[in-house]
Amino acid sequence: MQVSRIAQRNIFAFLYGIIFASMVSSLQPSDLGLILSYKCQCECAHCLYNCAPARRDWMTGEEIFAALEATTYWEQPYQVHITGGEPFLKFSLLLHAVEAASELGIQVYAETNGGWCVSDDLVERRFSALRYAGMSALLISCSPFHAETIPPERTIMAIRKSLEIFGPQYTMVYLPGWLEQIQAFGSDTPTPLEAYVQVYGQEDAGRMFWQGYSLISGGRAGYRLGHLTPKQSPDSFREQSCQQELLYAQHSHFDLYGNFIPAFCGGLVVGDWHQLPHLIEDFQANNYSPLLKTLIEAGPYGLYEMAQETYGYSALENGYAGKCHLCVDVRRNLVEKGDFVELQPVEFYENF
Ligand code: SF4
Ligand code: SF4
């Protein structure tokens with residue numbers, strides 16, 4: 001059994017080598033996020049980066065400039081979004097980031113959960129200052145997960161003011177389909193997710209959350225929302241590699257600690273963005289650190305097999321909500337067993 005699994009893995013690695021031999025990864029996303037902090041006033045059940053009020057560190061002004069400057073190694077076109085955590089919790093730093101991007105000629109937008117939008121005047125002043133500094137657009141989060149902490153009226157205020165100041169073409173709501181639904185429970189107070197379960201029943205509420213939001217099972221989602229979707233055994237993910245997410249992600253992040261985080265893989269880094277040219281050279285030579293190599297060639301199932309064989313990892317009894325849930329759970333185990341450079345920041349693993 002073991003021999004055939006290894007043989008199968010080698011066949012995948014071989015095929016992978018043939019198919020991708022002519023493609024080289026420059027790790028260039030079309031949309032690169034700058035995570036100023038993992039601090040957030042929310043602690044959403046679906047958060048892929050395990051952001052929370054308890055997380056305290058922020059990127060410095062110098063590092064913001066250095067990170068933006070590092071992106072200029074890539075060719076245009078790409079855009080940068082300033083994010084967190086909640087970047088509006090340190091508005092002066094967010095403004096600085098937008099000014100720095102403008103100085104470097106980089107197209108930039110920001111993301112917000114809108115929880116700070118408590119008065120028209122405050123929102124108008126901040127959005128106007130960002131627009132004046134060169135920010136082109138705003139993305140406002142809207143979901144039942146955010147509405148567990150944020151009264152919908154704040155989300156609506158953020159959208160209304162953004163439409164006025166940035167205009168309809170440059171106001172993005174993620175996801176607009178939830179606007180009506182979150183207000184159905186009342187506009188001036190947050191609504192716990194259990195309210196959806198009570199009204200719609202566990203199965204339909206689960207479908208609304210998982211399919212309606214296209215949830216990714218990484219970060220907290222697999223643990224906090226996994227009971228609302230069918231679970232799968234590790235075997236179900238046997239043929240799913242992560243080469244697309246790790247080598248060709250269109251959406252990636254640089255964080256405040258120097259971590260280059262591919263795709264939506266919270267807690268996993270491909271390297272240090274301070275050394276971007278060197279990192280790209282390594283990737284183009286197919287030179288990856290061990291955990292990345294396993295994920296690229298054999299996906300989370302390969303990581304699971306390695307952790308089981310070498311570190312005594314035991315599969316979760318009830319299964320996994322998706323391939324990223326399996327990956328995160330294995331990594332959560334590995335981070336306690338060894339010193340893995342890819343598993344950063346360590347706070348990710350302390351804030352489920
Ligand atoms: S999903 Fe967004 S709003 Fe929610 S905890 Fe994470 S960063 Fe904060
Ligand atoms: S399984 Fe892991 S490496 Fe693959 S996409 Fe999900 S979090 Fe990223």
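Student: How many residues does the largest nonpolar core have, and which helix gives the most to this core?

Tutor: Keep in mind that this is a predicted model. Its largest nonpolar core counts 92 residues, and those with the most contacts inside include Leu 34, Ile 82 and Val 98. With nine residues, the top contributor to this core is helix 12, residues 290–311.

Student: Which residues is Ile 82 in contact with, leaving aside its neighbours within four places in sequence?

Tutor: Ile 82 is itself among the core residues with the most contacts. Set those sequence neighbours aside, and its partners are Leu 34, Leu 36, Pro 87, Leu 94, Ala 97, Val 98, Val 108 and Ala 110.

Student: Which strands stand at the edges of the open sheet, and why is one side of each left without a neighbour?

Tutor: The sheet has eight strands in the order 5-4-3-2-1-6-7-8, with mixed pairing. Each edge strand has a single partner strand, so one side has no neighbour in the sheet. The edge strands are strand 5 (171–174) and strand 8 (271–272).

Student: Which strands does helix 2 touch?

Tutor: Helix 2, residues 61–71, packs on the sheet, and its direction makes about 165° with that of strand 1. The strands touched by helix 2 are strand 1, strand 2 and strand 6.

Student: Which helix supplies the largest share of the shell around ligand 2?

Tutor: By class, that shell has eight nonpolar, one polar and two charged residues. Helix 12 and helix 13 (323–337) each supply at least two residues of the shell. The largest share, three residues, comes from helix 13.

How values were computed:
Residues numbered from 1 in each chain as written. Chains lettered and ligands numbered in written order. Predicted model: local features only at pLDDT ≥ 70, side-chain atom pairs only at ≥ 80, totals over all residues. Core = buried A, V, L, I, M, F, W, Y, C linked by C-beta atoms within 7 Å. Buried ≥ 20, exposed ≤ 12 C-beta atoms within 10 Å, placed from the backbone. Helix = DSSP H or I, 4+ residues; strand = E, 2+ residues; numbered from the N terminus. Contact = placed C-beta atoms within 7 Å. Nonpolar A, V, L, I, M, F, W, Y, C, P; charged D, E, K, R; others polar. Pairing = 2+ DSSP bridges. Axes fitted to C-alpha atoms, helices over the stretch in contact; angles between N-to-C directions.
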